[in-house]
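Work through the exercises below with the model open. Each task is followed by its solution in steps.

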Number of protein chains: 2
Amino acid sequence: MKKKSVDSPLYLRVAQSLEGQIQQGAFRAGDQVPSVRQLSRQHRVSVSTVLQAYFWLESKGWIEARPKSGFYVKMPSTKLNPLPAFRPVQSKPTPVTTSELVADLMQATHGRVQISLGAAFPGPDRMPAHQLNAIIRRISRRSPALSTSHEHSPGSLPLRRQIAKRSVSFGCNFLPEDVTITNGAVEALNLCLRTIAKPGDVIATESPTYFNVLQAIESLGMKAVEIPADSRTGMDLNLLEHALKNYRVRGYIAITNCHNPLGYVLSDDKKRSLVELLHRYDVALIEDDVYGDLAFSPQRPRLAKSFDRAGLVLTCSSFSKTISPGLRLGWVHSERYHAQIAHLKLITSIASPSLSEAVVAEFLESGGYDRHVRNVRIRFEAQVIAFSQAVSKYFPDGTKISRPDGGYVLWIELPKRIDSVVLYHAALKEGISISPGPIFSASGKFRNYIRLNCGIKWSDDVDRAILKLGRLCESQR
Amino acid sequence: MKKKSVDSPLYLRVAQSLEGQIQQGAFRAGDQVPSVRQLSRQHRVSVSTVLQAYFWLESKGWIEARPKSGFYVKMPSTKLNPLPAFRPVQSKPTPVTTSELVADLMQATHGRVQISLGAAFPGPDRMPAHQLNAIIRRISRRSPALSTSHEHSPGSLPLRRQIAKRSVSFGCNFLPEDVTITNGAVEALNLCLRTIAKPGDVIATESPTYFNVLQAIESLGMKAVEIPADSRTGMDLNLLEHALKNYRVRGYIAITNCHNPLGYVLSDDKKRSLVELLHRYDVALIEDDVYGDLAFSPQRPRLAKSFDRAGLVLTCSSFSKTISPGLRLGWVHSERYHAQIAHLKLITSIASPSLSEAVVAEFLESGGYDRHVRNVRIRFEAQVIAFSQAVSKYFPDGTKISRPDGGYVLWIELPKRIDSVVLYHAALKEGISISPGPIFSASGKFRNYIRLNCGIKWSDDVDRAILKLGRLCESQR
């Protein structure tokens, strides 16, 4: 589309009318604005005038174009809350001590949650239940023996082939024989840790990071050294190098794409630098990519693995965050450690569920998975924006909010006076779950932080829940 | 039925005719003999005469009655091979060193097996695929959200309820809240070991025992002390007490019902003594009951757990050996350690496959599971007898064979000159897999032993495979 010169101020009137609607909340961040054709009919102006209006709104940061989809409302940059602070503090290796807190929280949560903003999972209407059930029934008729047979570790070859094929979109070229199918990414992570390290060994992690990374380190009797990470640019490589120099670090666990909880996608340059740094110290990288397919960018982000020449990267992922946590399917790729990982999987849980393997292989092969992921990641982006706006509106002054590049969690820094564990218990009484900050740190940092799951569909109930959380924050004086 | 006096030798003629057929192999051990009505028609004699004939054959040990089912051919006791020798030798705690051998064997086996006598699994025609697929389709229509949802550890409550209900038949009264659902019994076993012991600790096991018990101990950096077990009466309690007295044993892993590979069901008295002995030393018992439902006795054998007053027993089981290894469903019960086990499961693999949980819960609740198990255990008994007869016929003189009380494996002691690992590789070249003895021992004992899987249906191909194995034994001179 070429920009056409116009001499009338018509486009400005159209644009300002829409700007007013956005300002007054008729359209929220993430909403699609009316189509060019609709607006052209409504204002009785030409299509090119409407396009002019949209370009003007885009230049002011109100809306953005999405390829093949139309224009959507953006959060105006003037209204963005500041980002959570980054504090580049050196840490020493420490035993992880969060399991009791996590266990307590799980116990307390049980059966009391109406609005689930704690665990990071999509709501049911963001999952492809209809398509999966159709495949399940088809397979149970076509291959009845599947329900009673199993495929020993490393698991189903058709599924491993599909994963190898997809790896091209990660910038890699995996071979099926280097892939092991697991019961979700958490099993994959545990297998990797047990492969590269033993009890007492030091593992470097981002701080904050996904709490099950820390739980795995704790339960295996290893120690963690926390590398502070910024919510936009990721881990501090200088601090990582300091740790590599000073401690016998055996591995580094990194969430490189759509970090949980920070939300960043590490830039390609930084991925390359990270891999090179680890190579210099001959330290393995366990790369967790469970949210990689949910980046908001048009292009699927690469893996740090794509810069790995020495075979030091082990990649873990799963289908739990995109299509179903109940299928229990994840995978791990490594050329160098494959035999050890596959054997450890065999003696830890023998095999992965065969029906799930067949269902996911078929969903991938049919193209259904790609269509689903394309569809939901736009919705997750809109949800993240809507949640972010509501937090901005309802939470106390001084609240800082992450701006994720993908996935569906927000990392929120509350004013210092607020204790997120107290907030957790108060919220639970109202039927709302959240994740308190300290579980994302080996040493209980982030006391005034929370993570919010934005995977569930935006609704008035969610709006009220965030309002409620804001009031509970205010009540901590 | 009352025994009726007969003055004619008619019954004897009928009986001897059938005896001849059995001797000449027309009926094999485990086969059902013709019904009373059939034989009465065939020989034109009265029903009571046929019954007389059957009682005569029974008294001679040729056949046996099974309640509500009819008469079956027994293996005549005069033709039984001797039992494998029992050598009550004291052992010291030792690191397990079999994982390389096991990994090699798995690698070698891959894709080359036509007749699978290695891994202990039923053949496809002994699995309830039809029923399970019907349930899978029903659930996918009735509860479509199940395919995309999951139930955090400890897992599905309906399934935990069904397991608690079934525990009455084990002589126990489990509560659903003490049960954790796992990805098969091997995961359950790993969770139990990690709950009661840490790297470096000593675990007592039977010798021989299921190789994945040893693999788990090895991979967790623990040591094993081997307690010799007899193929009829089980572990030697004096040697166990010697180990408890002399080493800091943290737990004992026992397969109490239908031992793998020995086949015994431990007597109730011995189960009680075992539990009392362990209580005296305050040592946990990890009771593996995966074959318990497949005992050949009319009454389902109790668990050692049923004698546990102190909460020292952790029970592991699964549905892999009875209905499907591909569903990946096992469970573990413990009152005392439940919270730790459930938490460890959560941080090791989060959850078990939700569709599998729903399918098994429904199969149990509908009574389908009980019907299936009643049906297959008679077939497995017949298969075990048929395999045993063939081994007896084709293997070298001096071969000794176990007489299992349930399950579907045979433990075979070969003449001393025969190396079972050599035999393994030779058999594999012929497309036949077996399990060589040394993988059943922490220290590589049982070099001249093999385990045979009798879970697959008897056929001419199986007969030829055993003949082939016998010849391969003979060729090792």
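**Exercise 1.** Which residue of β17(B) does B:Ser435 stand opposite?

Solution. The model is predicted: local features need pLDDT of at least 70, side-chain atom pairs count only at pLDDT 80 or more, and totals for chains, interfaces and linings use all residues. Residues are numbered from 1 along each chain as its sequence is written, while chains are lettered from A and ligands numbered from 1 in the order in which they are written.

Step 1. Locate the strands, which like the helices are DSSP runs numbered from the N terminus (helices: H or I, at least four residues; strands: E, at least two). β16 of chain B covers 435-436, and β17 of chain B covers residues 449-453.

Step 2. Check the pairing, which requires that DSSP finds at least two bridges between two strands. β16(B) and β17(B) are antiparallel, with two bridges.

Step 3. Read off the partner: B:Ser435 faces B:Arg451.

**Exercise 2.** Place this pair in its sheet and find the helix that lies across the sheet strands.

Solution. Step 1. In chain B, four strands form an open antiparallel sheet in the order β13-β14-β17-β16. β13 (400-401) and β16 of chain B are the edge strands, each pairing on one side only.

Step 2. Helix α13 (residues 368-394) of chain B lies across β13, β14 (409-413) and β17 of chain B. The helix runs at about 20° to β14(B); axes are lines fitted to C-alpha atoms, for helices over the stretch in contact, and angles run from 0 to 180 degrees between N-to-C directions.

**Exercise 3.** Describe the other edge pairing, using chain A.

Solution. Step 1. The strand order in the open sheet of chain A is β13-β14-β17-β16, paired antiparallel.

Step 2. β13(A) is joined to β14 (residues 409-413) of chain A by two bridges. Within these strands, A:Ile401 is opposite A:Ile412.

**Exercise 4.** How many residues does each chain give to the contact between chain A and chain B?

Solution. Step 1. Apply the criterion: two residues are in contact if their C-beta atoms, placed from the backbone, lie within 7 Å. Chain B gives 49 residues and chain A gives 49 residues.

Step 2. On the side of chain B, elements giving two or more residues include α4 (99-109), α5 (129-142) and α7 (184-196). The largest share, seven residues, belongs to α5(B).

Step 3. Sort that side by class: 23 nonpolar, 23 polar and three charged residues. Here Ala, Val, Leu, Ile, Met, Phe, Trp, Tyr, Cys and Pro count as nonpolar, Asp, Glu, Lys and Arg as charged, and the others, Gly among them, as polar.
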